[in-house]
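Me: Could you take a close look at one helix pair in this model for me, and show how it ties in with the rest of the chain? I would like one connected walk-through rather than a list.

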Amino acid sequence: MTASLSESVNSLSASAGNVGMAELQWCWRCRMMLPMLTDQEWEQIGALLSEMTSHVQSYRERTGATLPEALRRGFEEPALAKYRELTGFEETNVNALWHHRLSGHGPPCRHCGKLLRTAVARRCYECGSDSPLRSDKDE
Ligand SMILES: [Zn+2]
Ligand SMILES: [Zn+2]
C-alpha cells in the first residue's frame, strides 16, 4: 500500500467521474470503463465471493452437478447485488468482480489516463507509451 498511488488515483477520480465511492476506471481485462472498488469496498465483495465459492462447492458435492450447472443456481447473485449496490453498475459476470479492485492495478497512465496493469509498468498497453508512470518531476 503506497500513499502516492492512492493519492494519484484520488486526484484522477474527480475528472474520471464518481459512481458512489468506487471509481470509474479503465479495465484492460474487460476492455471498458468500470467501477473499480477500493480495498474497503472489495472486502465486502470478496467475502461474498468466497461464500459463493463454498456454496458452489458444497452444492456440487451434494448433487454431483458440473461447475456450469452449479453456476446456474444463482449463487453469484449476492456478490453481484453487492457490487450493484456499491457502484450502481449492472455487472452480470461474477468472475469480473475478482479483479475490479483498484489495488490490483497500477496507477493511471500519464498519457491516456487508463489504469496500468501493474504498479511498476514500463509500458502502457493501451496507448503504447513507454514512459507511462508519472515521475516526481512532472508534478
Ligand atoms: Zn474487468
Ligand atoms: Zn497509456
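Reply: Happy to! Before we start, one working term: two residues are in contact if their C-beta atoms, placed from the backbone, lie within 7 Å. Please also keep in mind that this is a predicted model.

Let me set the scene with the whole chain. The protein chain has 5 helices and 3 strands, and from the N terminus the order of elements is α-β-β-β-α-α-α-α. Of its 139 residues, 24% are buried. Among contacts with a separation of 6 or more, 43% join residues 24 or more positions apart.

Now to the pair itself, helix α2 (residues 39–63) and helix α4 (residues 77–87). In general, two packed helices are described by the angle between their axes and the distance between the axes. Here the axes of α2 and α4 come within 8 Å and cross at roughly 165°. Angles over 145 degrees count as roughly antiparallel, so α2 is roughly antiparallel to α4. The crossing of these two helices is right-handed.

Which residues make up the contact? From α2 come Glu41, Gln44, Ile45, Leu48, Leu49 and Met52, and they meet Pro78, Ala79, Lys82, Tyr83 and Leu86 of α4. Sorted by class, the contact holds 8 nonpolar, 1 polar and 2 charged residues.

Met52 is a good residue to zoom in on. It belongs to helix α2, and it counts as buried because 20 C-beta neighbours lie inside 10 Å, where the cut-off for buried is 20 or more. Leaving out residues up to four places away in sequence, Met52 touches Phe75, Glu76, Pro78 and Ala79. As for Ala79, its C-alpha atom is separated from that of Met52 by 7.8 Å, although the two are 27 residues apart along the chain.

Gln44, also in helix α2, gives another view of Ala79. The C-alpha atoms of Gln44 and Ala79 are separated by 8.5 Å, with their positions 35 residues apart along the chain. Gln44 has 15 C-beta neighbours inside 10 Å and therefore counts as partly exposed.

Glu51 has its place in helix α2 too. With 13 other C-beta atoms within 10 Å, Glu51 is partly exposed. Its partner to look at is Phe75: the two are 24 residues apart in sequence and 8.7 Å apart in space, C-alpha to C-alpha.

From the α4 side, Tyr83 is worth selecting in your viewer. Not counting residues up to four places away in sequence, Tyr83 touches Ile45, Phe89, Glu91 and Leu97. Ile45 and Tyr83 both appear in the α2–α4 contact, and both are also among the residues with the most contacts inside the largest nonpolar core. That core has 14 residues, and Met36, Leu37 and Ala79 complete the group with the most contacts inside it. At least two core residues come from each of β3, α2 and α4, and α2 gives the largest share, 4 residues. A second, separate core of 5 residues includes Trp26, Cys109, Leu115 and Cys124.

Since strand β3 also supplies this larger core, let us follow that strand. Pro35 sits in β3 (residues 32–36) and counts as buried, because it has 24 C-beta neighbours inside 10 Å. The C-alpha atoms of Pro35 and Arg84 are separated by 9.9 Å, with the two residues 49 apart along the chain.

One last stop is Arg31, in the loop between β2 (22–27) and β3. Arg31 has a positive phi of about 60° although it is not a glycine, a backbone detail you may like to look up in your own plots. With 9 C-beta neighbours inside 10 Å, Arg31 counts as exposed, whereas Pro35 in β3 counts as buried.

To pull the thread together: α2 and α4 run roughly antiparallel, they meet through residues such as Ile45 and Tyr83, and both helices, with β3, supply at least two residues each of the largest nonpolar core.

How values were computed: Residues numbered from 1 in each chain as written. Chains lettered and ligands numbered in written order. Predicted model: local features only at pLDDT ≥ 70, side-chain atom pairs only at ≥ 80, totals over all residues. Axes fitted to C-alpha atoms, helices over the stretch in contact; angles between N-to-C directions. Parallel < 35°, antiparallel > 145°, perpendicular 65-115°, else oblique. Left-handed = near helix turned anticlockwise from the far one by under 90°. Nonpolar A, V, L, I, M, F, W, Y, C, P; charged D, E, K, R; others polar. Buried ≥ 20, exposed ≤ 12 C-beta atoms within 10 Å, placed from the backbone. Core = buried A, V, L, I, M, F, W, Y, C linked by C-beta atoms within 7 Å.
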